[in-house]
Every structure is written in structure tokens, then in C-alpha cells.
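Work through the exercises below with the sequence and the structure open. Each task is followed by its solution in steps.

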Amino acid sequence: MNPRVVLASSGLMMLPSALQGEPSMAYQRTFGPAVDPITRLGWGLGIISLSVIVIIGALLLGGIFRKRSTIPAAELPQPTARDDAGGMAWIYIGTGTTVLILIGCVVWTLLVTAAVAEPAGAREMTVEVTASQWWWSLRYDNQNPGQIFNTANEIHIPVGRPVRFELSSADVIHSFWVPQLAGKMDVIPGQTNVAWMQADKAGVYRGQCAAFCGPQHAHMALLVVAETPEAFAAWREGQVTESVMPATDEAHHGQLIFETHCAPCHTIRGVTPAGIRGPDLTHLMTRRTLAAGLLPNTPENLTGWIASPQFFKPGAHMPDHILSGPELIAVAAYLHTLN
Amino acid sequence: MATIETHRTPVIARAADGSATSQKLQRTWDGKPGLGGWLSTVDHKEIGKRYIVTAFIFLLIGGLEALAMRVQLARPNQTLLTPEQYNQLFTMHGVTMIFLYALPVLSGFSNYLWPLLLGSRDMAFPRLNALSYWVFLFAGIFLYCSFPLGKAPNDGWFNYVPYASLAYNPGPNIDVYALGMVLLGISTTVGSINFVVTLARTRAPGMSLNRVPILVWGTVTASVGNLFAVPAVSLAFFLLWMDRQAGAHFFDSTAGGQPLLWQHLFWMFGHPWVYAIVLPAMGIVSDGLPVLCRRPLVGYTAVALSTVTTMVLGFGVWVHHMFATGLPILSLSYFSAASMTIVIPSAVAVFAWIATIWTGRPVFTTAFLFFTGFVLLFVIGGVSGFMTAAVPVDWQLTRTYFVVAHLHYVIIGINVFPVVGGIYFWFPKATGRLMNEAFGKWTFWVMFIGFNVAFFPMHILGLLGMPRRTYTYADNLGWGTPNLIVTIGAFVFGLGIMLFLVNAFVSLRHGRPAGPNPWDASSLEWSTSSPPPVYNFAVIPMVASRYPLWENRLDDGPDRSSVGTGLVLDKERETIGTSVLDAEPDVILKMPGDSYLPLLVAVAMTAVFTCMLLHSWWGAGIAAVATFLGSVGWLWPRRALAQIET
């Protein structure tokens with residue numbers, strides 16, 4: 001039977017609709033070899049589990065209603081010692097069956113664990129992910145130092161290639177999770193955990209920090225954009241370039257304000273100082289979202305976010321800046337040049 | 001000065017309530033009247049009831065916290081609570097339910113019932129029993145002391161470092177939690193010791209180890225488990241407190257410490273603890289359900305052994321809380337397989353209950369509904385646990401609402417439902433009055449439906465990828481509708497709890513008088529009057545089988561227990577001490593009278609921790625000396641308490 005039919009018929013109707021449309025966190029359908037065997041195992045164990053619930057429920061109801069009519073109301077029947085042997089058969093058969101199913105499940109689980117531990121082919125690309133309260137810093141490694149670059153919160157990967165992720169934390173424990181491409185891997189200070197994923201289908205996949213990490217744990221999302229190798233190469237070429245000097249006076253004014261107010265924490269390559277407490281903004285306008293997946297990257301949202309990060313993300317480490325209206329517009333104009 | 005009695009053979013005689021013997025016992029065992037008596041009592045029945053009432057007050061507080069969170073999460077992007085408020089609420093909700101409700105309520109049941117089940121007059125260490133209650137109460141208040149200031153613990157009940165370290169959490173929040181947990185650990189430890197010794201030494205003559213009720217097996221298993229598990233968590237919290245207050249670096253990776261050390265220590269405690277808060281509740285069902293099925297439990301020995309086995313296995317599975325921490329695959333595979341084997345003893349218990357229902361003649365009381373409902377919830381919570389035991393599947397499920405659903409099926413399904421059923425079952429024993437059955441059945445259905453509406457959709461939220469511990473969520477991820485359903489269910493479940501409490505309050509005054517044995521049950525507590533006299537049994541019964549009150553009707557071999565006729569022990573406060581395995585009488589235990597010392601020691605101990613929280617080192621020293629002096633006074637040898645050989 002189609003597993004989705006089973007699940008839907010057991011009352012989980014809202015699942016299929018959630019599988020379509022915008023980037024989703026649902027993982028009933030997955031898109032890569034790091035996770036597909038897990039998905040099949042999850043369906044298998046889930047169906048076994050639902051079956052157990054149904055069978056036990058039926059046995060309980062059967063046991064309750066079988067003798068019900070023979071009992072005189074409001075009178076306790078005499079206790080009887082019925083032969084325990086008949087009862088013990090329940091335990092022997094029930095537990096025996098359980099053990100057989102269980103052994104099968106353990107073997108399947110261990111096989112899947114081994115299957116997804118490492119990719120079949122070599123991992124040709126490494127992304128270093130540094131998790132911070134409450135965003136993701138990304139560094140694309142390369143043997144050619146000129147090809148190394150930093151970005152944040154939006155990971156681009158080529159379709160069909162296994163990608164290696166080296167996970168480290170700048171502060172507390174986080175957990176790196178893009179459910180449609182791989183299971184979770186915690187990001188723990190003092191150690192570098194390694195994960196891998198591969199997208200077999202182009203698309204935008206959503207991820208989110210899964211380990212409680214403080215007040216804005218709810219707003220620590222990321223996107224994985226899987227694209228054709230050609231599109232990925234073009235994106236990479238764009239990312240390694242430095243920013244260009246703004247053309248308009250307003251944007252130039254904005255850059256000066258940025259250097260005073262923003263650059264102590266944010267890097268824009270070619271601009272000093274180049275702080276690293278916040279996300280690298282060199283190519284901010286190529287990203288789909290702001291504030292670690294919280295807001296779509298639109299001009300209004302960008303201006304609003306700069307004006308009051310604490311309104312959108314209370315507790316975030318970016319303070320509300322006291323910029324005048326014109327200053328705000330100038331900074332936004334400057335940031336809009338960062339393609 | 002009178003000579004010291006060292007040897008006496010107790011008389012075997014018949015004595016009922018109202019006899020000269022019982023009147024003498026009443027004078028000997030009665031506590032002081034008024035507030036003084038209330039503060040100094042060591043009667044296990046009083047302490048048991050206090051445990052249950054206190055635990056239910058904490059349950060209500062934790063429930064209100066949950067409802068506040070559910071309102072916040074009912075719709076996407078709500079701002080009723082600030083992130084920090086939400087974090088304190090979910091932390092205190094977990095701390096309250098797990099530490100201040102779930103175990104204490106079972107301690108209450110066992111404190112109340114054990115001596116009655118075992119045919120004894122009190123726990124082995126009555127004053128220690130009082131100490132354990134007072135310390136629990138004070139630790140609960142201590143854990144809440146910073147809540148009104150908006151500085152409650154805020155890192156979840158498992159309190160992972162480094163978010164719990166001073167660098168990221170500079171307020172008093174985590175210090176309150178750390179010190180409060182060490183204090184609470186003292187209560188758990190002394191309580192556990194008391195249960196273990198009580199089982200070993202104070203059973204009625206003839207109640208060999210294979211004749212004790214399953215509740216006793218559950219509680220003693222939990223107690224032994226706690227004695228091994230609690231030191232790990234007390235140590236972990238002490239090390240954390242040292243990190244925060246003394247600049248130690250046990251968990252600080254920037255100075256060679258190890259954040260994962262916390263997780264190992266916490267879960268070495270945490271997983272056995274989960275079994276400690278369910279095994280006694282499973283025992284409640286294993287004892288209550290057969291009475292209502294009008295037959296003995298099927299597979300007593302198998303169920304007793306499965307209880308112990310679950311706890312033993314429970315010490316070897318803690319890493320399944322850490323599957324995503326980057327440990328080696330080989331190690332994960334071991335812990336995955338070990339976790340799955342826990343299904344086996346659980347299956348034994350489930351099929352024993354089902355067989356008991358099938359081969360018995362069920363009586364549809366409210367307690368029966370709760371016990372049977374429990375079996376289904378146990379299975380749902382069990383299979384979701386089985387799914388998370390599979391390492392790779394857990395990489396998806398862990399830290400999502402699927403786990404929240406699982407743990408609530410386990411803790412509410414396996415703890416709250418048996419507890420409420422157990423109260424319907426034993427309420428007449430403790431109060432002399434029956435709770436209202438018709439109202440009770442309505443209560444069951446409101447609770448059962450509300451519970452499932454609240455918690456089943458959480459599985460779906462988890463499968464839709466919603467992480468737990470998020471104070472809000474976006475509206476485009478499909479999480480809105482299930483969250484709204486969950487919130488509605490939570491309020492219905494809360495209503496069910498309120499209906500239950502109303503029933504209990506009203507029945508306390510207006511319930512139908514119960515008589516000694518309203519369910520025609522089989523164990524010793526039903527042989528004494530309802531409520532039981534302060535001395536429990538006028539004479540200590542002598543036990544010859546597992547079901548002393550059903551022997552004639554079960555045709556259970558030639559031996560007969562002797563309940564109305566037994567050992568007369570009416571000089572001072574006395575009960576019989578028996579051997580560990582076969583319960584052969586060997587000493588007359590002299591029991592201590594009421595005393596203020598447990599309360600005073602508990603106050604002094606709490607003062608130590610309060611002063612540590614306030615950095616008043618001199619105060620802490622003085623309070624520690626007071627604790628020590630109180631203990632010396634307590635332990636000072638007294639001839640009146642010398643044991644008498646039989």
C-alpha cells in the first residue's frame with residue numbers, strides 16, 4: 001500500500017498540502033541520498049507503529065466489551081483464579097511477536113545508519129558553517145585562496161554533488177538541520193562536527209536551528225539553494241568579487257554611515273573596518289531573506305530591519321541604531337548596490 | 001530507671017478496632033493536636049497525603065504555564081509573550097512537571113500505601129520520611145523564588161551548557177536551578193533509601209518478596225534507580241555552579257572543558273529518571289486493574305521482572321538523547337539497539353494487562369477507564385519512543401514537536417492517567433468516602449479526548465518540521481492549524497483536570513461512605529477501616545499468599561493468611577521487622593514518635609542553599625552548622641528506640 005495513503009487515512013490529512021509550494025520543513029518527501037534511506041525507514045517504522053496502536057486498541061476494546069453484558073450492574077463479580085496458563089499465552093505470543101518485529105527493525109535501522117553515514121562518492125566541496133546567536137556564517141573553501149569567500153544564511157550547492165559541511169559554533173550549542181536534505185547535526189563549541197548532503201533536485205530547501213540556543217532560537221533559519229552546476233558556478237563567481245564603489249552620491253553617503261555604524265560588526269569586502277560579529281554583507285542583495293530567514297529581502301523590509309532589529313527579533317545582538325530618516329535611506333540605498 | 005527490654009516474643013491474638021488493644025494503640029500513636037502536631041507528625045499517611053496535595057498544586061502551576069504557552073502558539077507570529085518570558089515558562093513547566101509533580105506524586109502514593117500494603121505501621125524511617133517531604137516542599141519553593149522577579153531558570157529542564165554558563169546567562173536564573181536541584185536531590189535520595197529499607201525490613205510476617213504488590217516492585221525499582229541516578233545530576237549541577245561562581249571550567253570549551261560532559265551526566269540521570277516516574281505508576285495499574293477485572297494479575301512474576309529489567313536497561317541508553325551530537329556511528333548503533341530492547345519488557349507488561357482484561361470480568365468503574373486508557377496511551381508513547389530510538393530517524397525527529405508529543409504521552413499517559421485512576425481507586429481508603437462515579441466517567445472522557453486532541457497533532461507538527469522551544473513560528477510552514485488544534489485540546493484537558501479536582505473536593509465531604517473494602521480488593525490495605533486508624537493495623541497480619549483477602553475464593557492452595565488475628569505489638573510505638581527474602585520476623589522495631597527535628601533540619605538545609613544563592617558565605621556556614629547539630633540531635637542514640645529480638 002502507498003505509505004501516504006496509510007498516513008492520510010489515519011488522520012494526518014494536512015501532510016500532502018504542506019509538501020508543495022514554498023520552502024517547507026516537512027520531511028515526508030526528501031531529495032537526496034543523505035536522507036532518502038532515512039525517510040523510507042521513518043515511513044516503515046511509522047506504519048509499524050500505527051499498526052501496533054490499532055492492534056492493541058482493538059485488543060483492549062475486544063477485551064472490555066466481550067464480557068460486558070454478563071455483568072450485573074452495580075454488583076462486583078466474585079474474583080476468580082482462572083487458569084493463568086491461558087493468560088500467559090498472551091504474554092508469550094505477544095512478546096514473541098514483538099521481539100521478531102523488533103529484531104527486523106534493529107537490523108534495518110543499523111543498515112540505514114551505515115548507508116547514510118558517508119556519501120557514496122567523494123565530497124568535492126566543503127562549506128564551513130559557523131553558527132552564532134542567531135544566524136549562520138558560511139565560508140566556501142577552495143584550494144585556490146582567491147576563490148574562498150564568506151556569506152551568510154543562504155547556502156548554494158550544485159545539484160547531484162555531495163557537499164561536506166564542517167560545523168562549528170561561535171557561542172552556544174546549535175543544531176544544523178535542513179530536513180529535506182539531511183538529518184540534524186549539532187553544532188557544539190569546542191568541536192567540529194561533520195555533515196554532508198546532496199540535493200538530487202534543484203530547488204530552495206529550508207533549514208532551521210533545532211537546538212535551543214536562547215531568546216531568538218525561533219528565528220534562526222537558513223536556506224539551501226540547489227541549482228545546476230552552471231548556475232552554481234555563476235553564483236560562486238559573483239560571490240568572490242569585491243564590492244564596487246557606489247555610483248550615486250546618496251549611496252556614497254550611505255557607505256560612510258555604514259563605515260561608522262555598521263562596519264564594526266559587518267564585513268563588506270573592500271570597506272573598512274570589516275567586523276565579523278554579524279553576517280558578511282558583501283553580496284547582500286543576492287540573498288532571498290534577511291535576519292536568518294525571518295524576512296523576505298525586500299527594500300521595505302531592509303529599511304525596517306535596519307531601523308529596528310529589536311522590533312523584529314527582540315534580543316538579537318544587533319542594536320536599534322538611532323539613524324535619522326535621511327541617514328536610514330542613504331544606508332539602504334548603499335546596501336541596495338551590493339549585488 | 002527501668003531495665004532495657006532486649007527480648008520478647010510477641011503474643012498472637014485477635015483484635016479489632018474498638019478493642020482494648022486498639023484503644024491503647026490509638027493513645028500511643030496519636031499525634032499532638034493542632035499546629036504542633038501538624039508540623040511534627042511522622043505518620044506516613046499524613047506525609048503521603050501532603051506529597052500528593054503538594055504535587056497537585058505544582059501540577060496546576062505547571063499546567064497554567066503550559067496554557068500561557070499554548071495561547072502564544074495558537075496562531076503564528078503572536079507577541080503575547082516575550083521570547084524570554086516564553087523561555088522561562090517552558091523551562092519552569094518542564095522543571096515543575098518532571099521534578100515537582102511526577103515523582104513526588106508517586107512518592108505520595110507509595111508513602112501512603114506502602115505500610116498498608118505491607119501490613120506494617122509506618123515506613124522504616126518515619127522521621128526521614130518527614131524530612132524528605134519538607135525538603136521537597138522547600139526545594140519546590142526555592143526553584144520558584146526567582147519566578148516573580150522574572151529571573152526564573154530559562155534554559156529548558158535539561159539546561160544545556162554553554163547557554164547555561166555565566167557568559168551567556170549572567171543572571172541568577174541558572175544558579176536557582178542548580179542549587180534547587182541539588183537540594184531536591186537530597187529529598188529524593190533520603191526518600192529512596194527509606195523505600196528500599198522499608199521493603200527489606202518491614203513487611204508483615206510471611207509476605208515473602210514474591211508476594212508484594214507490583215506497586216511495591218515499581219517503587220523500589222524506581223528508588224534503587226534514583227540512588228544510582230541522582231548523584232550524576234547533583235554532581236552535574238554542582239560542577240555547573242562551580243563553573244558559574246568559582247570560575248571552574250568543567251564545561252567551558254574555551255578553557256579545555258567539555259560541553260558534552262554536561263549532556264552525559266545529565267542523561268545518565270535523566271533517562272533512568274524517566275523510568276522512576278513511570279514504573280510506580282505502572283505498578284498502580286498492575287495492582288488496581290486486576291481487582292477491577294475480578295482476577296489476579298496475569299503473569300505477576302513476568303511483570304515484576306519486566307519492571308526491574310526496564311530500569312536496568314534504562315541505565316544503558318542515555319546516549320539516545322544525544323544521537324545528533326556527532327558521536328561515532330558505532331557507539332550510536334549500540335545505544336540505538338539497546339534503546340529498542342526496552343520494547344521487550346514493555347511488551348510483557350502490556351500483554352499482561354490485556355490478558356488480565358481478556359480473562360477477567362471487567363467492572364466499568366472510573367478507575368477502570370483510567371487504567372485501560374492508560375494502556376493505550378502507554379502503547380502510543382511507547383511506539384513513538386521506539387521510532388526515536390532508531391538513530392537515523394531520530395536525526396529527523398529529535399528536538400521537534402514529535403519528541404514533545406512522545407514525552408507527553410509518556411509522562412501524562414503513563415503517570416497522570418494511572419495517578420488519577422489510582423486516586424479514584426484509593427480515595428475511599430484514604431477518606432472513607434467514594435468519589436462520584438458518574439461524574440468520574442465524564443471526567444475521564446473529557447481528559448482522554450482533551451489529551452489526545454492536544455498531543456496527537458504534536459506528532460504531526462514534528463513531522464512537519466517544527467522545532468520545539470520556539471516562542472513563535474512563521475505562517476507559511478503549515479504549522480498554524482495543528483497548533484490551533486493543540487491549544488484547544490490543551491484547554492479541554494485542563495478542564496478535565498479541574499473536573500477531577502472538583503469531584504475530589506466535593507466527595508471529601510459528600511461522597512458515599514465506602515466501608516473498608518468497596519472494590520472487594522485483595523490486598524492488606526483493604527482489611528483495615530477506611531480511613532485507616534493512625535496505627536494502621538490493630539494486630540500485625542500474617543500473610544500466606546499474594547492475595548490475602550481473596551484466598552478462600554481463589555482456592556489458592558491450603559495456606560491461609562491471618563488478618564484479624566496477628567501479632568500484638570502495643571507497648572510504645574512498635575512494628576515488626578522481618579527478614580529480607582522470606583519475611584520471617586526477627587525483631588520488634590521501636591518506632592520514633594513525632595518530632596520537630598525533620599522540619600528544623602529541612603529549614604536549616606534550605607537556609608544553606610539560600611545563603612549560597614545570595615553569596616552569603618557566613619550565613620551558609622552557620623546554616624550548615626545548624627544542619628549538622630540538628631542531625632546530631634536526631635541521631636543521638638536513645639535506649640527507647642533499641643530493637644528487641646523476638
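**Exercise 1. Count the salt bridges across the interface of chain B and chain A, then describe the polar contacts and the make-up of the interface.**

Solution. Apply the rule for a salt bridge, a side-chain nitrogen of Lys or Arg within 4 Å of a carboxyl oxygen of Asp or Glu. Across the interface of chain B and chain A the rule gives one salt bridge. The side chains of B:Arg399 and A:Asp186 form a salt bridge, at 2.7 Å from N to O.

Next, take polar contacts: pairs of N or O atoms within 3.5 Å, where within protein one must be able to donate a hydrogen and the other to accept it, and residues adjacent in sequence count only if both atoms are side-chain atoms. Between chain B and chain A, 19 residue pairs are in polar contact, both residues being at pLDDT 80 or more. On the side of chain B that touches chain A, α12(B) gives the largest share, 12 residues. That side divides into 57 nonpolar, 22 polar and 11 charged residues. Here Ala, Val, Leu, Ile, Met, Phe, Trp, Tyr, Cys and Pro count as nonpolar, Asp, Glu, Lys and Arg as charged, and the others, Gly among them, as polar.

The model is predicted: local features need pLDDT of at least 70, side-chain atom pairs count only at pLDDT 80 or more, and totals for chains, interfaces and linings use all residues. Residues are numbered from 1 along each chain as its sequence is written, chains are lettered from A and ligands numbered from 1 in the order in which they are written, and side-chain values use heavy atoms, without hydrogens and water.

**Exercise 2. How much area is buried between chain B and chain A, and which three residues of chain B supply more than any other three?**

Solution. Start with contact, meaning heavy atoms within 4.5 Å: 90 residues of chain B touch 90 residues of chain A. Buried area is the accessible area (1.4 Å probe) that two parts lose on being put together, summed over both. For chain B and chain A this is about 7700 Å², with 72% from carbon and sulfur atoms. B:Trp358, B:Arg361 and B:Gln396 supply 11% of the area that chain B buries against chain A, more than any other three residues.

**Exercise 3. Which salt bridge joins domain 1 and domain 3 of chain A?**

Solution. The count between these domains is one. A:Arg288 and A:Glu154 form a salt bridge through their side chains, at 3.0 Å from N to O.

Conventions:
Helix = DSSP H or I, 4+ residues; strand = E, 2+ residues; numbered from the N terminus.
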